[in-house]
Amino acid sequence: MMAHKKPFFYIFTFFMLSICFVPIFGDTNGQILIRFKGFLSNNNALNNWVDESNLCNWSGLLCTNNNFYGLRLENMGLGGKIDVDTLFELTNLVSFSVMNNSFEGPMPEFKKLVKLRGLFLSNNKFSGEILDNGFEGMVNLKRVFLAGNEFNGHIPFSLASLTRLLDLDLHDNSFGGNIPEFQQNVFRFFDLSNNQLEGQIPISLSNEPLTSFSGNKGLCGKPLNPCNISPTKSIVHPNSPPSTQGNRNKHKRLLRVLIVVLAIVLLASIVALLFIQSRRRRRSVKQLKPILGLQQNSQKTQSFKETQSIDLAGDFSKGENGELNFVREDRGSFDLQDLLRASAEVLGSGSFGSTYKAMISNGPIVVVKRFRHMNNVGKNEFFEHMEKLGSLKHPNLLPLVAFYYKKEEKFLVYDYGENGSLASHLHGRNGIVLNWSTRLKIIKGVARGLSHLYEEFPKQNLPHGHLKSSNVILNNSFEPLLTEYGLIPMTNKNHAQQFMASYKSPEVTHFDRPNGKTDIWCLGILILELLTGKFPSNYLRHGKGGESSDLATWVNTVVREEWTGEVFDKDIMGTRNGEGEMLKLLRIGMFCCEWSVERRLDWKDALAKIEELKEKDSEDESFSYVSEGDLYSKGVTDDDFSFSVVTDSHVDKIGNVTD
Ligand SMILES: Nc1ncnc2c1ncn2[C@@H]1O[C@H](COP(=O)(O)OP(=O)(O)OP(=O)(O)O)[C@@H](O)[C@H]1O
């Protein structure tokens, strides 16, 4: 009788012992981490990995509510071995980052860590091919950052097969071959630039920005140039199964169709070219009309040169065509004729019309901006308003120099800013990287300029009305100068509703109720744009409506998740000792983008908070990239400055959740 009860007794005893003495059978997180550290070289930055009772204070550990969930071992000079088997024992590990260190060799076998949601290996010296199954089974992965390494071979299929992938950064590697079809094709961040990829970009990725693919000599197809289909060059992925006879026939048929299409396109292009040329010959006389809308004098006019240079000369000054009115006393060095004779080039074309840079001989360089959609105001009102704008003097407002009035359209003459617009630096890849200190200087200047407008137009709801990065001009020392301010009262409402930045705020988009804090919404979007480097999609001119909440929503989503550090533009991400201040600015930006107008900062508070920012964190403020919890608790000492992100109810109301 006793004998057959024995096995039950042993199993029971074993079970009880296992419960009571867990540490005998499994190490604690602290012990596992210390073992993990033992594999790392140059690990002095982890010297405080000692007292286990204080685990969440260890360098590089990410915790929420005192529970460990991730490692952020960035910028620590680490090398050696990343022992994945040890990491595997950390059952709560969902985020792993060793960005900006000195790890080398092949990518470790992270696929064992199936719970990982974020894997960040950028800016090390990892090299070699990643096996096709390198990410197999990692069904939770949302963010993969492998940029700035020496990976080669093709992009692994298991990576392309991840269904939850949101951010993928592979730029600055040597990945080759074709881009595989990605399962997930709506990315929040996607960058394959500067690799050796070739062939056609899959159609599912054609909406990604052009810059995501630049620096890959062999790539073609939307958004890059169309592919030249050559019969000898396959655009099929090299790892696709070998073609069957049926496939080959299909390709032949496709090729034939393509050749016919190409021939038609070629023929159409030749006809179009001939047509354009014949029009150009006629247009050489008309060119001035689109610029200044005046009667042309065929003898004096010239056509666009290839460089888009243009001669402004014409009979502009004829009485019936109006005259140039100077609004600043300190600008008497040129007259209308000088301006008309100046050689000019097109800077761009905005929602109102084109903008030209005019180089007056023996005079200044000025910018002439054409304004249509201002024909609902009377002449006197327009003149008075221009006088007022011309009288504004502030180091962060681009001076209005003169204006030209015609009923149908107006031209405003501004000073020229040597460094173009903030937008061109943030999104144009012109080679100049704006570091944190420059960005801070810019946002401080923007806030000061905007505040001056609030002071000068105390009764107006929208003293700027069109604050966005292309209307922040940078002078030779990158001091920002606001332009296109104070134009709302002159602008036809319908046009303003469609195109002007302030009309993209939630209160105007949904309730048509601009208020004294609406320009602050635009300031908030500008701050988020400056910090994230992301282009707010409402800037695109795709017709009526369109909110500017996309960027604010995205930032909120990222903050709501654990990886606040990812929010920052990669060009300022490596900033040392400034992260705390960057985070403070992020908070200010989010606070300016409060949907609830009551909770949104007003201009005085926004200015005061921005003025307090410093380039470097103060010494007593230790900081590492933070979780949402940290965002609430760190970096800001003023308790009154309580912070709230866009709430779910706000988001639901608009139905605009991005994640
Ligand atoms: N004063 C200036 N100095 C130097 N560059 C300028 C100046 N004003 C405008 N630009 C450049 O000209 C480009 C075109 O300006 P424009 O105002 O026509 O377009 P926009 O700002 O994109 O649109 P919008 O008409 O909605 O303001 C800008 O992106 C900017 O780079």
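# Strands, ligand shell and a helix pair

Visitor: Start me on β15. What is the bridge partner of Glu 198 there?

Guide: Glu 198 has Gly 218 of β15 as its bridge partner. Keep in mind that this is a predicted model.

Visitor: How many bridges hold β14 and β15, and in which sense do they pair?

Guide: Three bridges, in the parallel sense.

Visitor: Which sheet does that belong to, and in what strand order?

Guide: An open sheet of three strands, ordered β12-β14-β15. The pairing is parallel. β12 (176-177) and β15 (218-220) are the edge strands, and each pairs on one side only.

Visitor: And β12 with β14? How many bridges there?

Guide: Two bridges join β12 to β14, which covers residues 196-200. The two strands run parallel. Gly 177 has Leu 197 in β14 as its bridge partner. Gly 176 stands opposite Gln 196 of β14.

Visitor: What follows β15? Where does Pro 223 lie?

Guide: Pro 223 is in the loop between β15 and α6 (245-286). A cis peptide bond joins Lys 222 to Pro 223, with omega about 5 degrees. For context, most peptide bonds are trans.

Visitor: Good to know for setup. New topic: what is the order of the sheet with β6 in it?

Guide: β6-β8-β10, an open sheet of three strands with parallel pairing. β6 (104-105) and β10 (150-152) stand at the edges. Each has a single partner strand, so one side of each is left without a neighbour in the sheet.

Visitor: How many bridges between β8 and β10?

Guide: Three, in the parallel sense, with β8 spanning residues 125-129. Gly 128 has Phe 151 in β10 as its bridge partner.

Visitor: What about the backbone ahead of β6? Where is Asn 100?

Guide: Asn 100 sits in the loop between β5 (95-97) and β6. Its phi is near 60 degrees, a positive value in a residue other than glycine. Most residues other than glycine have a negative phi.

Visitor: On to the ligand. Which residues come nearest?

Guide: Leu 347, Gly 348, Gly 350, Thr 355 and Ser 421 come nearest, out of 24 residues around the ligand. The elements that give two or more residues to that shell are β18 (343-349), β20 (365-371) and α10 (422-427).

Visitor: Which one gives the most?

Guide: β18, with three residues.

Visitor: How does the shell divide into nonpolar, polar and charged?

Guide: Nine nonpolar, 13 polar and two charged residues.

Visitor: Which domains feed the shell?

Guide: Domain 2 (285-416) and domain 3 (423-659) each give at least three residues to the shell.

Visitor: Back to β18. What does it pair with?

Guide: β18 is joined to β19, residues 354-359, by six bridges. They run antiparallel. Ser 343 has Met 359 in β19 as its bridge partner. The hairpin of β18 and β19 has four residues between the strands. In that hairpin, Gly 353 takes a positive phi near 155 degrees.

Visitor: And β20? How many bridges link β19 to it?

Guide: Five, in the antiparallel sense. Met 359 turns up again here: its bridge partner in β20 is Ile 365. β19 and β20 also form a hairpin, with five residues between them. Asn 362 in that turn has a positive phi of about 55 degrees.

Visitor: Last topic, helices. At what angle do α11 and α14 cross?

Guide: Roughly 175 degrees. The axes of α11 (residues 436-456) and α14 (residues 518-532) come within 11 Å. An angle over 145 degrees counts as roughly antiparallel, so α11 is roughly antiparallel to α14.

Visitor: Which residues meet there?

Guide: From α11: Arg 439, Ile 442, Ile 443, Val 446, Ala 447 and Leu 450. From α14: Asp 519, Leu 523, Leu 526, Ile 527 and Leu 530.

Visitor: How many of those in the contact are nonpolar, polar or charged?

Guide: The contact of α11 with α14 has nine nonpolar residues, no polar ones and two charged.

Terms used: Residues are numbered from 1 along each chain as its sequence is written. This is a predicted model: local features need pLDDT of at least 70, side-chain atom pairs count only at pLDDT 80 or more; totals for chains, interfaces and linings use all residues. A residue is near a molecule or strand if its C-beta atom, placed from the backbone, lies within 6 Å of it. Ala, Val, Leu, Ile, Met, Phe, Trp, Tyr, Cys and Pro count as nonpolar, Asp, Glu, Lys and Arg as charged, and the others, Gly among them, as polar. Domain bounds come from an automatic or database domain assignment. Axes are lines fitted to C-alpha atoms, for helices over the stretch in contact, and angles run from 0 to 180 degrees between N-to-C directions. Angles under 35 degrees count as roughly parallel, over 145 as roughly antiparallel, 65 to 115 as roughly perpendicular and the rest as oblique. Two residues are in contact if their C-beta atoms, placed from the backbone, lie within 7 Å. Two strands pair if DSSP finds at least two bridges between them.
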